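Here is a walk through one protein model and its ligand. Keep the structure open as you read.

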Amino acid sequence: MTLNEHISELTVKVEQMQASTKEELEGLRLKYLSKKGEITELFNEFRSVPKEQKAELGQALNRLRQTAETRINEMRESLSQASAAVQAKEDLTRTPDPIALGTRHPLSLVREEIIDIFSRIGFTVADGPEVEDDRHVFGLLNFAPEHPARDMQDTFFVEKETGEQKPTDILLRTHTSSVQTRVMTDFAKKLQNGEQGAIRVLCPGRVYRNEAISARAHCFFHQVEGLYVDKNVSFADLRQALLYFAKEMFGEDTRIRLRPSYFPFTEPSAEMDISCNICGGKGCAFCKNTGWVEILGCGMVDPNVLEACGIDSKVYSGYAFGMGVERIANLKYRVKDLRLFSENDVRFLNQFQSC
Ligand code: DAH
């Protein structure tokens with residue numbers, strides 16, 4: 001075989017070299033490029049070729065050596081990358097791959113903010129069931145059996161599994177005011193046992209009403225109820241707590257106004273408006289040019305309610321308020337369609353604060 005043929009044959013071999021371990025790679029390097037390697041051997045042969053062929057064969061030989069070196073370096077690089085990847089997997093102390101965090105639901109953000117604001121003036125959180133009885137949702141809250149106020153809230157009643165078509169007194173709570181009655185009856189028991197104290201609770205939770213779902217109404221939504229019962233609680237205390245809340249939630253410049261209203265469980269009752277936080281009270285489409293937007297209902301706990309729960313209304317008085325979390329979220333984030341809060345569309349949810 002002539003030197004030229006040798007060079008061509010080795011060029012093909014070198015281009016097709018494959019190594020799956022470092023040892024194999026080293027074997028290939030020795031085979032071709034070491035002192036006794038096949039390519040080095042060709043350089044020795046080269047010494048004896050006739051002068052007139054030297055230039056051409058010399059170039060071909062150099063190209064062959066270059067090809068071999070490049071191929072070996074490429075294989076070394078890819079083997080070391082692969083082994084780094086394996087090592088990284090085996091290394092239990094490595095920093096974990098970053099996990100994409102989700103975002104907090106806007107209703108959770110608003111609920112937490114409401115709780116946070118009131119917790120700074122001593123309120124704690126109380127919980128109660130969503131499936132309730134008539135007594136806790138209506139009875140103890142001074143709704144007379146045929147009271148027209150019951151029509152204010154279209155209720156989902158839960159049928160018992162007896163199959164009988166008897167009217168049921170189990171229902172999905174229509175407001176979180178039901179938790180008030182549980183807290184007050186517990187408090188009454190403590191008083192009977194000679195304990196002292198006061199109630200200062202927030203009751204956040206989901207409520208249900210039989211409403212057709214639209215951009216402005218839903219069959220479930222969220223409320224936060226507040227209740228303060230102590231000796232000598234006055235309407236001024238209520239107003240001051242709500243003014244503090246409005247300023248903390250919507251900014252220092254926010255003003256409030258209380259309009260007389262009616263709820264069976266409070267007397268006197270009021271609805272609270274805040275100066276529109278979108279136009280600053282000047283009047284805009286959101287506040288229907290009034291400069292005010294309604295955010296909650298409130299009042300002094302009706303003595304009938306205190307008594308029904310076992311608390312002496314001559315000694316204790318209290319205030320209560322209830323607000324819709326969606327309503328507050330709407331004002332904060334200008335969400336026009338209520339349905340967005342429950343559809344779990346990540347394009348909507350991703351716009352809120354991450355976890
Ligand atoms: N429960 C009322 C509702 O669902 C809201 C409410 C109004 C709660 C006045 C209160 C209150 O505690 O005092 O519309």
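Helices (H or I, at least four residues) and strands (E, at least two) are DSSP runs, numbered from the N terminus. This is a predicted model, where local features need pLDDT of at least 70, side-chain atom pairs count only at pLDDT 80 or more, and totals for chains, interfaces and linings use all residues. Residues are numbered from 1 along each chain as its sequence is written, and side-chain values use heavy atoms, with hydrogens and water left out.

Start with strand β7, which contains P268. A cis peptide bond links E267 to P268, with omega at about -5°. Another backbone feature sits at N232, which is not a glycine yet has a positive phi of about 60°. N232 belongs to the loop between β5 and α8 (235-250). Most residues other than glycine have a negative phi, and most peptide bonds are trans.

Now follow the pairing; two strands pair if DSSP finds at least two bridges between them. β6 (residues 256-263) and β7 (residues 266-275) are antiparallel and share seven bridges. A hairpin of two residues connects β6 to β7. L258 has M272 of β7 as its bridge partner, and P260 has A270.

Both strands belong to an open sheet of seven, in the order β1-β4-β5-β9-β8-β7-β6, with mixed pairing. β1 (124-125) and β6 stand at the edges with a single partner strand each, so one side of each has no neighbour in the sheet.

Where does the ligand sit? The space it takes is the largest pocket. On a 1 Å grid over the protein atoms alone, a pocket is an open set with protein on both sides within 12 Å along at least five of seven lines. A molecule sits in a pocket if more than half of its atoms lie within 2 Å of its grid points. Four elements give two or more residues to the shell around the ligand: α7 (177-192), β5 (220-230), β8 (292-301) and β9 (317-324).

The ligand has 16 residues around it (a heavy atom within 4 Å). H175, S177, R209, Q223 and E225 come nearest. By class, the shell has five nonpolar, nine polar and two charged residues. Here Ala, Val, Leu, Ile, Met, Phe, Trp, Tyr, Cys and Pro count as nonpolar, Asp, Glu, Lys and Arg as charged, and the others, Gly among them, as polar.

Polar contacts are pairs of N or O atoms within 3.5 Å. A polar side-chain atom of R209 is 2.8 Å from a ligand oxygen atom. For H175, a polar side-chain atom lies 3.0 Å from a ligand nitrogen atom. A320 uses a backbone N or O atom, 3.2 Å from an oxygen atom of the ligand. Taken alone the ligand exposes 350 Å², and the protein buries 91% of that (Shrake-Rupley method, 1.4 Å probe).

Conventions:
Polar contact = N/O pair within 3.5 Å; in protein donor to acceptor, adjacent residues only side chain to side chain. 1 Å grid on protein atoms, 1.4 Å probe; cavity = no way out; pocket = protein on both sides within 12 Å on 5 of 7 lines; lining within 4 Å.
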